[in-house]
Amino acid sequence: MAKAVVLFLRVCVQLLALPIYLLSFLGIWDPFCKKIFFPFVMEKITVSYNRRTSGHKQELFCNLQEFAGSSGELTLLEIGTGTGANFQFYPPGCKITCTDTTLNFQDGLAKSMAQNQHLQFQSFLVTPGEDLNQVADSSMDAVVCTLVLCSVQSIEGVLKEVLRVLRTGGAFYFLEHVAADPSSWSYFWQQVYYPTWKLVFDGCHLTRETWKNLEQAKFSEIKLRHIQVPLYWTPVQSHIIGYAIK
């Protein structure tokens, strides 16, 4: 019965989004979404999201400097930098290498860089998280990934690269929205919205159990918590937050 209700409501949502499905069928939506719609939406949402997660991010990144190398300098790689939503939470003097799959967030990123001159920006690499071949082995003290693993092609591939570029004792920081408790109404609505949400928001998966991938990766230690972010009336309130040590 529950599956039938989910399917019925899923079709209703798809009918409401029919123009987008038609544009997708014609090959118009995907380039428009990637170049214009998604970057615009993310830049607007980032302000609200950072406000609602500010306490969590401050707590998450408060010990970043502890992972600095012997020189005292912290070298950090951010996967899926987007508009630079995390910059304000990084310690002064942090040397950052930014990556993303496209250049479509450059306007918002440039603003964030100008507002965070306490950081040292090293380079910007256009590459997916599964292929960081431009970054040397064991060259990073920390790697950061927030709201990215929901849309990558392979979480396992990203984590494999994270472990490769991290030095021994380095840390991988994460904050990701994930599947809600299967017995909750949140999970029910995630199931309803899933196909349309993925189309509208550039491949974002609502029901990934990302914590399982992290637990199965070859980190020596993982500090992970499940939290709820007050993003009311959205299917992305369930999150995981924490860091893992190589």
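Where is Ile222? Select Ile222 and you land in strand β6, which covers residues 221-228. Keep in mind that this is a predicted model.

**Stop 1: Ile222**

Check the surface around Ile222. Its relative accessibility is 29%, so Ile222 counts as partly exposed. Now show what touches this residue. Neighbours within four places in sequence are left aside here. Beyond them, Ile222 is in contact with Leu214, Glu215, Tyr243 and Ala244.

Next, draw a distance from Ile222 to Ile20. The two C-alpha atoms are 40 Å apart in space. Along the sequence, Ile222 and Ile20 are 202 residues apart. Follow that line to its other end for the next stop.

**Stop 2: helices α1 and α2**

Select residues 2-16 for helix α1. Add residues 18-25 for helix α2. The axes of α1 and α2 are 4 Å apart, and the helices pack at an angle of about 70°. How do α1 and α2 lie to each other, roughly parallel or roughly perpendicular? An angle from 65 to 115 degrees counts as roughly perpendicular, and α1 and α2 are therefore roughly perpendicular to each other.

Show the side chains of the contact. From α1, pick Gln14, Leu15 and Leu16. From α2, pick Leu18, Pro19 and Tyr21. Colour them by class. Five residues of this contact of α1 with α2 are nonpolar, one is polar and none is charged.

**Stop 3: α2 against α6**

Keep α2 on screen and add helix α6, residues 185-200. The axes of α2 and α6 come within 11 Å and cross at roughly 55°. That angle makes α2 oblique to α6. The crossing is left-handed.

Which residues of α2 make the contact? Select Ile20, Tyr21 and Ser24. On the α6 side, select Pro195, Thr196, Leu199 and Val200. The contact of α2 with α6 divides into five nonpolar residues, two polar and no charged.

**Stop 4: α1 against α6**

Hide α2 and bring back α1. The axes of α1 and α6 are 8 Å apart, and the packing angle is about 40°. The two helices are therefore oblique to each other. Their crossing is right-handed.

Light up the α1 side: Ala2, Val5, Val6, Leu9, Arg10, Val13 and Gln14. A general point helps when reading such a list. An α-helix has 3.6 residues a turn, so residues three or four places apart point the same way.

Now light up the α6 side: Phe188, Trp189, Gln191, Val192, Tyr193, Pro195 and Thr196. By class, the contact of α1 with α6 has ten nonpolar residues, three polar and one charged.

**Stop 5: Thr53**

Move to helix α3, residues 29-61, and select Thr53. Is Thr53 buried or exposed? Thr53 is buried, with a relative accessible area of 0%. Show its side chain. The Thr53 side chain reaches the backbone oxygen of Tyr49 at 2.7 Å.

**Stop 6: helix α5**

Select residues 155-165 to show helix α5. How many of its residues are buried? Eight of its eleven residues are buried, and the helix is mostly covered. Label them: Ile155, Gly157, Val158, Leu159, Glu161, Val162, Leu163 and Val165.

What do these buried residues pack against? Add strands β1 (75-79), β4 (140-146) and β5 (166-177), then helix α7 (210-216). The buried residues of α5 pack against these four elements.

Zoom in on Gly157, which sits in α5. Gly157 is buried, with a relative accessible area of 18%. Leaving aside neighbours within four places in sequence, Gly157 is in contact with Gly129 and Glu130. Draw a C-alpha distance from Gly157 to Pro128. The separation is 10.0 Å, and the two are 29 residues apart along the chain.

**Stop 7: two loops beside β4**

Select Ser138, in the loop between β3 (120-126) and β4. Ser138 has a positive phi of about 50°, although it is not a glycine. At 42% relative accessibility, Ser138 counts as partly exposed.

Finish at Leu147, in the loop between β4 and α5. Leu147 also has a positive phi, of about 55°, and it is not a glycine. Leu147 is partly exposed, with a relative accessible area of 26%.

Methods
Residues are numbered from 1 along each chain as its sequence is written. This is a predicted model: local features need pLDDT of at least 70, side-chain atom pairs count only at pLDDT 80 or more; totals for chains, interfaces and linings use all residues. Side-chain values use heavy atoms; hydrogens and water are left out. Axes are lines fitted to C-alpha atoms, for helices over the stretch in contact, and angles run from 0 to 180 degrees between N-to-C directions. Angles under 35 degrees count as roughly parallel, over 145 as roughly antiparallel, 65 to 115 as roughly perpendicular and the rest as oblique. A crossing is left-handed if the near helix is turned anticlockwise from the far one by less than a right angle, and right-handed if clockwise. Contact means heavy atoms within 4.5 Å. Ala, Val, Leu, Ile, Met, Phe, Trp, Tyr, Cys and Pro count as nonpolar, Asp, Glu, Lys and Arg as charged, and the others, Gly among them, as polar. Buried means under 20% relative accessible area, exposed over 50%, partly exposed in between (1.4 Å probe, protein chains only). A polar contact is a pair of N or O atoms within 3.5 Å; within protein, one must be able to donate a hydrogen and the other to accept it, and residues adjacent in sequence count only if both atoms are side-chain atoms.
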